[in-house]
Amino acid sequence: MDIIFGRNKKEQLEPVRAKVTGRIPPWLQGTLLRNGPGMHTVGETRYNHWFDGLALLHSFTIRDGEVCYRSKYLRSDTYKANIEANRIVVSEFGTMAYPDPCKNIFSKAFSYLSHTIPDFTDNCLINIMKCGEDFYATTETNYIRKINPQTLETLEKVDYRNYVTVNLATAHPHYDAAGNVLNMGTSIMDKGKTRYVVFRIPAAVPEDKKGTNPLKHTEVFCSITSRSLLSPSYYHSFGVTENHIVFLEQPFKLDILKMSTAYIRGANWASCLAFHKEDKTYIHVIDQRTRKPLPTKFYTDPMVVFHHVNAYEEDGCLLFDVITYEDSSLYELFYLANLNQDFEENCRLTSIPTLRRFAVPLSVDKNAEVGSNLIKLTSTTAKALKEKDDQVYCQPELLYEGLELPRINYARNGKRYRYVFAAEVQWSPIPTKILKYDVLTKSSLKWGQEHCWPAEPLFVPTLGAQDEDDGIILSAIVSTDPQKLPFLLILDAKSFTELARASIDVEMHLDLHGLFIPDTDWDARKPALSQEERDRAPDSCVAPQA
C-alpha cells in the first residue's frame with residue numbers, strides 16, 4: 001500500500017502527451033482538473049494521516065482526440081514553510097507540528113493563547129471550486145487558494161473570514177444554474193454562539209461594481225445554531241433542492257475545549273473529533289424562500305455522512321440520498337500506519353459505506369396519530385414516523401452497500417434523478433471498480449480491471465444531451481502493479497463500455513475530487529500561458545486563446 005499512499009509523487013511541470021488507445025469522442029474538449037494529497041514526508045518527518053498530505057494538483061487536457069497531462073504541487077504557505085524548513089512545521093488535522101523543534105512545555109504554554117481557535121492550514125487538497133470566472137483549490141478550513149487551471153500556478157490566498165464569519169467550511173459547494181455558489185461553514189463561539197452558516201457567493205457582481213471580486217459580495221443566506229456551543233458537528237457536504245437546503249447535524253463532533261488545548265498537549269486536532277453513538281442525527285431542512293428552518297424536529301439514528309448524493313422534492317416530501325457509515329472508523333483507517341500495516345485486518349473493522357434514501361414531509365399534520373408514517377409515496381420505502389413533542393423519526397430505505405465518492409449528472413442536482421456514478425468499495429474503503437447505480441430499477445453496471453484503483457468518476461454530458469446518462473465518465477486510474485502505467489479512463493456513461501484510455505508515463509497520485517472545464521468556459525481575456533510556454537507545449541495541451 002505504500003506505493004499508493006505513503007510515497008511522495010513527483011511533479012510533472014511540463015505537459016506530457018499521453019498514449020491514447022480507443023477513440024475519444026470528438027465533442028469532448030476541455031480539461032479535467034483534480035486535487036489530492038501527493039507528498040506525505042518532508043525531510044525526515046512524516047504526516048500521520050493520508051488526508052494531511054500536501055496538495056498536488058493535476059490536469060488532463062483533452063483536445064482533438066489527444067490528452068496531455070501535467071501536475072504541480074500547490075504552492076501554499078504551508079508547502080513553502082515545510083519545504084524551506086525541510087520538515088513539517090505547519091499542523092494538519094491529523095498531524096500536530098511545531099515551528100521550533102526545541103519547543104518545551106513553557107514555550108508551548110506561551111503559544112497556547114494564539115491557538116484557542118487555531119489558524120488552520122492553507123493546504124487546500126480536497127477539491128476545486130469555480131467562483132465567477134476564477135478557480136480555487138479548497139479544503140475544510142477557512143482558507144482557499146486561487147489557481148490558474150491551465151498552468152496549475154498557485155495564486156492568491158483567500159480567507160473566508162474576510163467575507164463571512166466561519167472557521168471551517170466545506171469543500172463541496174453547490175452551484176445554481178447561474179453559477180452562484182452556495183456553501184456552508186461553522187462559526188465557532190462568535191458572540192457567544194456556535195452556528196452553522198450557509199453563505200452565497202454570486203457568480204457575477206453588480207453592473208456598477210464591475211471588476212471587483214465576487215467574494216466581496218458574499219452574503220449570509222441563513223444560519224442554524226449548533227445544539228452544543230462547544231461541540232459542533234463535523235460535516236463534509238450538504239444537500240439542496242429547488243426550494244430547500246438539507247443539513248445533517250450528526251453525532252460526529254468536534255470538541256472545542258480539547259481543540260483549544262491540543263497544541264499545548266501535543267495532540268492533533270483529529271483527536272478532538274469523537275463519534276457519540278448514544279446521540280441522534282438531526283435533520284435540518286431550510287426553506288430557501290423564507291431562509292428559515294422548518295419547525296418540525298426531524299431526526300434519525302446516529303451515523304456519519306461524508307457525501308450527499310442528491311436531494312429533490314416529490315408530492316410534498318423532500319427526499320435525499322446520502323452515503324452513510326455506522327461510525328467514524330473510516331477516518332481512523334486512513335492513518336498511514338493503518339494503511340501500511342495490517343491493512344486487510346483494519347479494513348474488516350471499518351463500517352461499510354451504504355447508500356440510503358431518507359424522506360421528510362415538508363408539512364406535518366398536527367392531527368396525525370403518534371407512530372403513524374407521514375410518507376405516503378410509493379417510490380420509496382423510507383418512513384417518517386410521528387412522535388410526541390413535534391418530533392419525527394426518519395427511517396431510511398437502503399439502496400446499495402459498498403460505494404463512495406458519488407457523482408451525478410449535475411444538471412439533475414436538486415431535482416428528481418436516476419443515476420449515481422461512484423467508486424465501488426465492496427471489500428474495503430479502497431475503490432476497486434466504477435459503478436453506475438440506477439436508483440429507479442435498483443440495478444447497476446460496473447467497470448473494473450485487476451490492480452486498478454479508480455478515482456472519483458466524473459460525468460460530462462454530451463452536447464445537447466436529452467437523457468440523464470447521455471455523456472461520458474472520466475476517472476483517473478492508478479495501479480498497484482508498478483509495471484502498469486496510470487491512465488485516464490473514458491467510459492460511455494449509458495452502456496458503461498470503455499471508449500478510450502490515455503496512458504501517462506508518470507507517477508500519478510490517487511486524488512480526491514475535481515471538476516471538468518469545457519473549452520467554452522476558459523476566460524480568454526486572461527492568457528494563461530506565456531508565448532514561450534505555448535511554443536514548448538504540444539498544441540493539444542494549450543487551451544484556445546482569444
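**Note on the annotated histidines and helix H1**

1. His307 lies within strand E24, which runs over residues 304-314. In this predicted model, His307 has a relative accessible area of 10% and is therefore buried, since buried means under 20%. Leaving aside neighbours within four places in sequence, the residues in contact with His307 include three other histidines, namely His172, His236 and His513, and they also include Ser237, Val322, Ile323, Glu404, Leu405 and Pro406.

2. The UniProt annotation "binding site", which comes from an unreviewed entry, covers His307 together with His172, His236 and His513. Although these residues span 342 residues in sequence, no two of their C-alpha atoms are more than 12.5 Å apart, so they gather at one spot. The lining of the largest cavity includes His236, His307 and His513 from this group.

3. His172 is placed in a loop, between strand E12 (168-169) and strand E13 (174-175). With a relative accessibility of 15%, His172 also counts as buried. Its side chain makes a polar contact with the side chain of His236, at 3.0 Å, and the side chain of His513 makes a polar contact with that of His172, at 3.3 Å. Beyond its neighbours within four places in sequence, His172 is in contact with His236, His307 and His513, and also with Asn127, Asn183, Ser237 and Phe238.

4. His513 lies in strand E39, which covers residues 513-518, and at 3% relative accessibility it counts as buried. Leaving aside neighbours within four places in sequence, the contacts of His513 take in His172, His236 and His307, and the remaining partners are Arg34, Asn35, Ile126, Asn127, Leu405 and Glu456. Asn127 is thus in contact with His513 and with His172, while Leu405 is in contact with His513 and with His307.

5. A separate point concerns helix H1. In this helix, which comprises residues 77-85, Thr78, Tyr79 and Asn82 are buried. Seen down the axis of H1, the buried residues fall within an arc of 100°, so they line one face of the helix. The elements that cover these buried residues include strand E3 (30-39), strand E4 (41-42), strand E6 (54-63) and strand E7 (66-73). Helix H1 is followed by Asn86, which has a positive phi, near 60°.

Methods
Residues are numbered from 1 along each chain as its sequence is written. This is a predicted model: local features need pLDDT of at least 70, side-chain atom pairs count only at pLDDT 80 or more; totals for chains, interfaces and linings use all residues. Side-chain values use heavy atoms; hydrogens and water are left out. UniProt positions are given in the numbering used here, feature names are shortened, and annotations may be inferred rather than shown by experiment. On a 1 Å grid over the protein atoms alone, a cavity is a set of points where a 1.4 Å probe fits but cannot get out, and a pocket is an open set with protein on both sides within 12 Å along at least five of seven lines; lining residues have an atom within 4 Å of a point. Helices (H or I, at least four residues) and strands (E, at least two) are DSSP runs, numbered from the N terminus. Buried means under 20% relative accessible area, exposed over 50%, partly exposed in between (1.4 Å probe, protein chains only). Contact means heavy atoms within 4.5 Å. A polar contact is a pair of N or O atoms within 3.5 Å; within protein, one must be able to donate a hydrogen and the other to accept it, and residues adjacent in sequence count only if both atoms are side-chain atoms. The arc is that of the directions from the helix axis to the C-beta atoms.
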